[in-house]
Every structure is written in C-alpha cells, then in structure tokens.
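Hello,

Here is the structure I promised to pass on. Have a look at it first, and my notes follow below.

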Amino acid sequence: QGTNTIVDGTTHADAYDGTWSVTVEEGVQTLVSSTSATMTDVNAELIGPPLKESEVGLCGSKRLIGINISTAYADVASDFGLYGSHDGSNWFLVSEMSTDITPDVPGTQMFSVDLSGYPEGSVAWWRLSLNDEEATIEAGSTGKCNFLVSGFDKNVSLSPTNIGGIGADPS
C-alpha cells in the first residue's frame, strides 16, 4: 500500500505545504493531510486537496472526519466543513461539522458524518475546509493541522488521477 504526495491548496495564504498520506492503525485505514499556512487576512481559508469519490467511496456511508491542530492558530472561532462537487470545480457545503473548532487550542476533534443521503454517483469529488465561513483566524496567524478521514472498507490508493479538482473558493 503506497502513498503519494499531493500538495494542499489554500486561499489567500502567503505560504503552505501539505501532503495526503494513508495510515493504518489497528487495522483502521485513515487519510491524513498535513497542512500549514500563514493566514494573510481574517477571511483566509485553508482547503485540503479534493478526493475522488470513485476511490474513497464516501457516498452512502458514515465516516469519521476530523482535524488535529498540532500548532495552534490565533483567535478562538473558526468553522470546519466538508464540501462536495459534481465536477471538481463547483463546490457545495455537505456538512458543517463545527462552527467553532477553537483553532487556538491544540488537539484532535473528530466528527461522525452521515453521508447516506448522498447515493452513489451523486458526488464526484470531496474536500475539507478550515475557516470556510471566512471567520476570525487572525491575519498573520501561523498554525499546523491535519485533516483526517477514516472508516474505509478497502485500501485507498492515492495518485494524481484520483486527487485533484481545482475550482472556485467554496466560501
């Protein structure tokens, strides 16, 4: 089970880096996105790279999705959401998992997300977003976090063909 490095995207960020990787712990497979960014303004948004539905199979399922803040950002209120797209360019909010993840406090927050209302073939791409409501992460705030997606019943293969999708800022 190999892993490929795919660069994360950000909106309004001075600099960023990140990768998607697959980890297996006690037989549980988890996608982990390593992400960091310096926010240039209060409406900066951090967006993980999209994941192709045909590979990750989120439609019609329940998953654990989360964020691990390892280096705190500034301020105390920021949203965390899951977005879907039929074409990788036009995005809609699927689940607002939190309206206040307190990005100034390091730690992991996990959310149970029920995607059973999205039948197979209804969503082609998925992506996660921090500060999607363009809230209050302060300008110049530098932090580091990991986006997490868990609960797969098959091995997920990361490659440039199943990770991608460039489109409008969903905020």
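In what order do the elements of the protein run from the N terminus on? The answer is β-β-β-β-β-α-β-β-β-β-β-β, with one helix and eleven strands in the protein; helices (H or I, at least four residues) and strands (E, at least two) are DSSP runs, numbered from the N terminus.

Before the details, a word on the basis: this is a predicted model, where local features need pLDDT of at least 70 and side-chain atom pairs count only at pLDDT 80 or more, while totals for chains, interfaces and linings use all residues. Residues are numbered from 1 along each chain as its sequence is written, and side-chain values use heavy atoms, leaving out hydrogens and water.

Of the 171 residues in the protein, 47% are buried (under 20% relative accessible area, with a 1.4 Å probe and protein chains only). The largest nonpolar core (buried Ala, Val, Leu, Ile, Met, Phe, Trp, Tyr and Cys residues joined through side-chain atoms within 4.5 Å) has 28 residues, and F80, L82 and W126 touch the most other members. At least two residues of this core come from each of β6 (62–71), β7 (80–85), β8 (91–98), β9 (107–114), β10 (125–130) and β11 (142–150).

Beyond its neighbours within four places in sequence, L82 has contacts (heavy atoms within 4.5 Å) that include I65, F92, V113 and W126. Across the protein, 77% of the contacts with a separation of 6 or more join residues 24 or more positions apart.

Best wishes

Methods. Buried means under 20% relative accessible area, exposed over 50%, partly exposed in between (1.4 Å probe, protein chains only).
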